[in-house]
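Hi,

Here is the structure I said I would pass on. Have a look through it first, and then read on for what turned up.

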Amino acid sequence: MKSFIDNNVMEIADLEVSAEGKISEILVVKKVRPSYMKDAEGKITENIENIKYDCVDPETFASVTLKVQSTRPIVTNEMIEASESVIYIKVPVSETIIRPYEINFGKAKVTVIVPYVNMAEK
């Protein structure tokens, strides 16, 4: 049997939760930015690892950044700026996981990992 807790310490990966019921399926995109890979020395390369979408939930106005496992965005910042209305994306929340990367004083900073997103109409 694998030990999940040793000396009251456990791996962050063991704390992953599903995004179902925690984020909305439809979000408004505010900004899009690439996230670049690092080389063996930790220097940032020109290779895109994933795309980050800074979003707002239109129901609660909560902000969330999605880390989408893709190297090409479905919407660009230029498209967002040129649009006369907000741009919505659809998130497959049943396939999305939330993983903490820092926990302090009862609060956790998390990464929301999404396999893909699609354009959506509100």
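Let me start with a quick one: is F105 buried or exposed? Since its relative accessibility is 86%, F105 counts as exposed. Keep in mind that this is a predicted model. F105 lies in the loop between β6 and β7, and its phi is positive, about 50°, although the residue is not a glycine. That loop belongs to a hairpin: β6 and β7 have two residues between them, with F105 in the turn.

Now the overall layout. The protein has one helix and eight strands, and along the sequence the pattern reads β-β-β-β-α-β-β-β-β. Taken along the principal axes, the C-alpha atoms fill a box of roughly 55 × 40 × 25 Å. Of the 122 residues, 27% are buried.

The sheet is an open one of eight strands, in the order β1-β6-β7-β4-β3-β2-β5-β8, and the pairing is mixed. β1 (17–18) and β8 (118–120) stand at the edges with a single partner strand each, so one side of each has no neighbour in the sheet. As a reminder, strands of a sheet pair through backbone hydrogen bonds, either parallel or antiparallel.

Some of the pairings, if you want to click through them:

- β1 and β6 (residues 97–104) are antiparallel, with two bridges; here S18 sits opposite I97.
- β6 and β7 are antiparallel too, over seven bridges, and R99 faces T111 of β7.
- β2 and β5 (residues 88–90) run antiparallel and are joined by three bridges, with L27 opposite I89.

I89 comes up again in the packing. It is one of the residues with the most contacts inside the largest nonpolar core, along with V29, Y53, C55, L66, V91 and V117. That core has 21 residues. The elements giving two or more residues to it are β2 (26–38), β3 (44–56), β4 (63–68) and β7 (107–114).

There is also a nonpolar patch out on the surface. F4, I5, M10, L15 and I103 make it up, and together they have about 450 Å² of accessible area. M10 is in the segment before β1. Why does M10 count as partly exposed? Its relative accessible area is 34%, and partly exposed means the range between under 20% (buried) and over 50% (exposed).

The segment before β1 also holds N7. Like F105, N7 is worth a look for its backbone: phi is near 55°, a positive value in a residue other than glycine. N7 counts as exposed, at 72% relative accessibility.

One more residue to zoom in on is D57, in the loop between β3 and β4. What does its side chain reach? One polar contact goes to the side chain of S24, at 2.4 Å. The D57 side chain also reaches the backbone nitrogen of E59, at 2.8 Å. D57 counts as buried, because its relative accessibility is 8% and the cut-off for buried is under 20%.

That is the tour. Over to you.

Cheers

Notes. Residues are numbered from 1 along each chain as its sequence is written. This is a predicted model: local features need pLDDT of at least 70, side-chain atom pairs count only at pLDDT 80 or more; totals for chains, interfaces and linings use all residues. Side-chain values use heavy atoms; hydrogens and water are left out. A nonpolar core is a set of buried Ala, Val, Leu, Ile, Met, Phe, Trp, Tyr and Cys residues joined through side-chain atoms within 4.5 Å. Buried means under 20% relative accessible area, exposed over 50%, partly exposed in between (1.4 Å probe, protein chains only). Helices (H or I, at least four residues) and strands (E, at least two) are DSSP runs, numbered from the N terminus. Two strands pair if DSSP finds at least two bridges between them. Patches are made of residues with over 30% relative accessible area and no salt bridge: like charges are joined within 9 Å, nonpolar side chains (Val, Leu, Ile, Met, Phe, Trp, Tyr) within 5 Å. Accessible areas come from the Shrake-Rupley method with a 1.4 Å probe; for residues, only the protein chains shown count as cover. A salt bridge is a side-chain nitrogen of Lys or Arg within 4 Å of a carboxyl oxygen of Asp or Glu. A polar contact is a pair of N or O atoms within 3.5 Å; within protein, one must be able to donate a hydrogen and the other to accept it, and residues adjacent in sequence count only if both atoms are side-chain atoms.
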